[in-house]
Amino acid sequence: MVSDKATSWIAIIAGILVCLWSGTVWCQYAPTSGPDKVLTVENIVLHDPARNKNIPIKIYYPAGIGQFPVIIFSHGALASKDSYSGLGQYWASYGYVSIHPSHADSVADCGFRGTLRQAISDPREWENRPEDVSFIIDSLAHVETFAPQLVGKLDLRHIGVGGHSFGAYTAGLIGGTTILLPGKAGPQSFADKRVSAIVLLSPEGEGILGLSAHSWDVLRVPMLLMYGSRDFGPFGEEPVWRSEAFAKGPAGNKYEVELEGGTHMGFAGIFQNGGHRDQVFQCAKLETLAFWDAYLKQDSKAREYVESHGLQKFSGDAARFANK
């Protein structure tokens, strides 16, 4: 027979174990690679006959067995499918297939020879970039024709689109952002209803790229927006300009994170490990993974992490949060 005192101690110990277990789950997000070995598919070129256009892509995927949610990540102006390997590798190591296209403004893959301002000022590319993403989604139903190693691995019911800078603009268009195009009577939409969530890293605000004060009126998919306190716009706009998709979009599963000291290229992860810029990139890895887990894997603990600002502890109070 167990005494009342012993019963009390058993209850206390059980409570401590529950707290420790919960803490392990709660703190599961770390900047180190996940449990899955990551493989890549390279040298793929998809051809869109409707536009007579080639789209080079690179794919990071887990070696494990099973179906994995799909992320399509759009690069910043002048970059390429190879420019954000840190994010692609990281997400894939935690159970995602991460697909990275090169758009027409890619210097390395598409031979673009213009300037940054020329790249973001061409209305044809405002349209072509989201059309590239939708064509890639179209092509995934026939993945065996260009990447047979991915047959049976793609969970096409759960697709996310992310991007950095011009790529964030692209992801926003896929999510429902509308733009004003020259010669068009009203706002144009490129929304793709097959996409469940979007991540915007350093997106643009109104005043360029056809964006107006009402561009985000119908942006209703779950969204994570991240930018830095030193993340100035291409024409000298203040960093807070980058947050307009959050500020002006409708409420509902929207999250914003501002990283103190973060610069525009801090989200690209193209620097050596160490220092504050690396910490900013690690914060981006943790928060994006938690967001994807919440909205592509429907992980309730991940959603709790995002909604309660679980990144705060790792960031050392360098992150400022807003939810709506």
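**Exercise 1. Work out how strand β9 sits among its partner strands, and whether its residues are mostly covered.**

Start with β10. Strand β9 (residues 223–230) and strand β10 (residues 254–263) run parallel and are joined by seven bridges. Keep in mind as you click around that this is a predicted model.

Next, pick out bridge partners you can find on screen. L224 is matched with Y255 in β10, and R230 has T263 as its bridge partner in β10.

Now turn to β8. This strand also runs parallel to β9, and four bridges join the two. Here I198 stands opposite M223 of β9.

Last, check the cover: seven of the eight residues of β9 are buried, so we can call the strand mostly covered.

**Exercise 2. Lay out the whole sheet, find its edges, and say what packs on it.**

Step one is the order. Reading across, you get β1-β2-β4-β3-β5-β8-β9-β10-β11, an open sheet of nine strands with mixed pairing.

Step two is the edges. β1 (38–48) and β11 (319–323) each have a single partner strand, so one side of each has no neighbour in the sheet. Going from one strand to the next, the twist averages 20 degrees.

Step three is the helix. α6 (residues 166–175) packs on the sheet and touches β3 (68–74), β5 (154–164) and β8 (195–201). The direction of α6 makes about 135 degrees with that of β5.

Step four puts an antiparallel pair beside the parallel ones. β1 and strand β2 (residues 53–62) pair in the antiparallel sense over nine bridges. T40, for instance, has Y60 in β2 as its bridge partner. The β1 and β2 hairpin has four residues between the strands, and N52 there takes a positive phi near 50 degrees.

**Exercise 3. Which residues of helix α9 are buried, and how are they arranged around the helix?**

First, list them: in α9 (residues 300–307), the buried residues are A302, Y305 and V306. Then look down the axis of α9: these buried residues fall within an arc of 95 degrees, so they line one face of the helix.

Now look at what flanks the helix. At the start of α9, a side-chain oxygen of D299 comes to within 2.9 Å of the backbone nitrogen of K301. Just after α9, H309 takes a positive phi of about 65 degrees.

To see a contact of that buried face, move to A290, which lies in helix α8 (residues 275–296). A290 has 0% relative accessibility, so it counts as buried. Leaving out residues up to four places away in sequence, A290 touches Y29, A302, Y305 and V306. You can also check a distance: A290 and K301 are 11 residues apart in sequence, with their C-alpha atoms 8.9 Å apart.

**Exercise 4. Decide whether S80 and R124 are buried or exposed.**

Take S80 first. You'll find S80 in the loop between β3 and α2 (85–93). The cut-off for buried is under 20% relative accessible area. S80 comes in at 7%, so it counts as buried. Its contacts, not counting residues up to four places away in sequence, are H75, P101, S102, S106, A108 and D109.

Now R124, which belongs to helix α5 (residues 123–139). Exposed calls for over 50%. At 59% relative accessibility, R124 therefore counts as exposed. R124 and L181 are 57 residues apart in sequence, yet 9.1 Å apart from C-alpha to C-alpha.

**Exercise 5. Sum up the protein as a whole: how many helices and strands are there, and what share of residues is buried?**

Count the elements: there are 10 helices and 11 strands. Then go for burial: of 324 residues, 54% count as buried.

For the surface, the accessible area comes to about 14,000 Å², and carbon and sulfur atoms account for 56% of that.

Finish with contacts across the sequence. Take the contacts between residues at least 6 apart in sequence: 73% of these join residues at least 24 apart.

Methods:
Residues numbered from 1 in each chain as written. Predicted model: local features only at pLDDT ≥ 70, side-chain atom pairs only at ≥ 80, totals over all residues. Heavy atoms only, no water. Buried < 20%, exposed > 50% of the residue type's maximum accessible area, 1.4 Å probe, protein only. Arc of directions from axis to C-beta. Polar contact = N/O pair within 3.5 Å; in protein donor to acceptor, adjacent residues only side chain to side chain. Contact = heavy atoms within 4.5 Å. Areas by Shrake-Rupley, 256 points an atom, 1.4 Å probe, with all protein chains shown as cover. Pairing = 2+ DSSP bridges. Axes fitted to C-alpha atoms, helices over the stretch in contact; angles between N-to-C directions.
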